[in-house]
Amino acid sequence: PRRGSPPPFTVMSTVSMGKRIPAGAPPDKGAFPIDHFKECDPFQKRYLQCLRDNQWDNMSCRYISKEYLQCRMDKNLMRPETMDRLGFTANDNEEKPPRDTSKNNLRREQDGGYVAGNQMIDDFVKARGRPTMITWIKNGGRGENAGRYKD
């Protein structure tokens with residue numbers, strides 16, 4: 001190498017195996033520093049405790065999340081944004097009771113390992129009986145058309 005030119009290994013960081021490596025794109029909201037001095041740590045701890053107290057329902061603890069983000073903006077740990085741009089409303093200022101997760105069998109589906117598409121198969125079985133691959137394809141994979149299929 002010539003004098004004054006960069007060493008060859010610095011060139012390899014931008015060109016690898018003869019191909020250029022594109023520069024990475026920053027995240028949508030930009031990168032922000034970690035809270036090394038734990039200036040907003042009390043809000044984080046309150047939020048985790050609130051989640052434990054409310055059966056891990058994050059909607060009950062949105063007010064703390066809002067306070068935490070406001071603390072980060074006040075301490076210059078993230079770019080200032082309006083709360084509505086961050087997804088908060090004026091109603092997110094106090095604790096709310098946890099939601100009832102028994103509605104619509106939500107908890108049963110989560111606990112039992114919900115699998116998408118099971119309802120379609122259940123409808124098909126009720127209308128036609130246990131499907132084979134051929135009857136499933138002929139019926140378009142829909143249980144509601146099962147009665148139209150002729151053997």
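**Two disulfides and the third helix**

In this predicted model, a disulfide joins Cys40 to Cys71, with the two sulfur atoms 2.1 Å apart. The partners come from distant parts of the chain: Cys40 sits in the loop between strand 2 (19-20) and helix 2 (41-53), whereas Cys71 belongs to helix 3 (residues 62-74), and 31 residues separate them. The link is left-handed, with -90° about the S-S bond. Both ends of this bridge, Cys40 and Cys71, are buried.

A disulfide also joins Cys50 to Cys61, again with an S to S distance of 2.1 Å. Here Cys50 lies in helix 2 and Cys61 in the loop between helix 2 and helix 3, so the bond ties together parts that are eleven residues apart in sequence. The link of Cys50 and Cys61 is left-handed, with -90° about its S-S bond. As for accessibility, Cys50 has a relative value of 5% and therefore counts as buried, the limit being under 20%. Cys61 is likewise buried, because its relative accessible area is 0%.

Taken together, the count comes to two disulfides. With the bonded cysteines counted along the chain, the pattern is 1-4, 2-3. It is worth recalling that a disulfide is a covalent bond between the sulfur atoms of two cysteines.

The loop between helix 2 and helix 3 also holds Trp56. In contrast to the buried Cys61, Trp56 is exposed, because its relative accessibility of 57% is over the 50% cut-off. Along the chain, Trp56 and Pro98 are 42 residues apart, yet 8.4 Å separates their C-alpha atoms.

Helix 3, which carries Cys71, can be checked for its span. Its 13 residues, at 1.5 Å a residue, should cover 18 Å, and the C-alpha atoms at its ends are 18 Å apart, so expectation and model agree. The buried residues of this helix are Arg62, Tyr63, Ile64, Lys66, Leu69, Cys71, Arg72 and Met73. Helix 2 is among the elements that cover them. In general, an α-helix has 3.6 residues a turn, so residues three or four places apart point the same way. Just after helix 3, the backbone at Asn76 takes a positive phi of about 60°.

Helix 2 and helix 3 thus recur in this part of the model: Cys50 of helix 2 is bonded to Cys61 in the loop between the two helices, Cys71 of helix 3 pairs with Cys40 from the loop between strand 2 and helix 2, and helix 2 takes part in covering the buried residues of helix 3.

Methods:
Residues numbered from 1 in each chain as written. Predicted model: local features only at pLDDT ≥ 70, side-chain atom pairs only at ≥ 80, totals over all residues. Heavy atoms only, no water. Disulfide = S-S within 2.5 Å. Helix = DSSP H or I, 4+ residues; strand = E, 2+ residues; numbered from the N terminus. Buried < 20%, exposed > 50% of the residue type's maximum accessible area, 1.4 Å probe, protein only. Expected span 1.5 Å × (residues − 1). Contact = heavy atoms within 4.5 Å.
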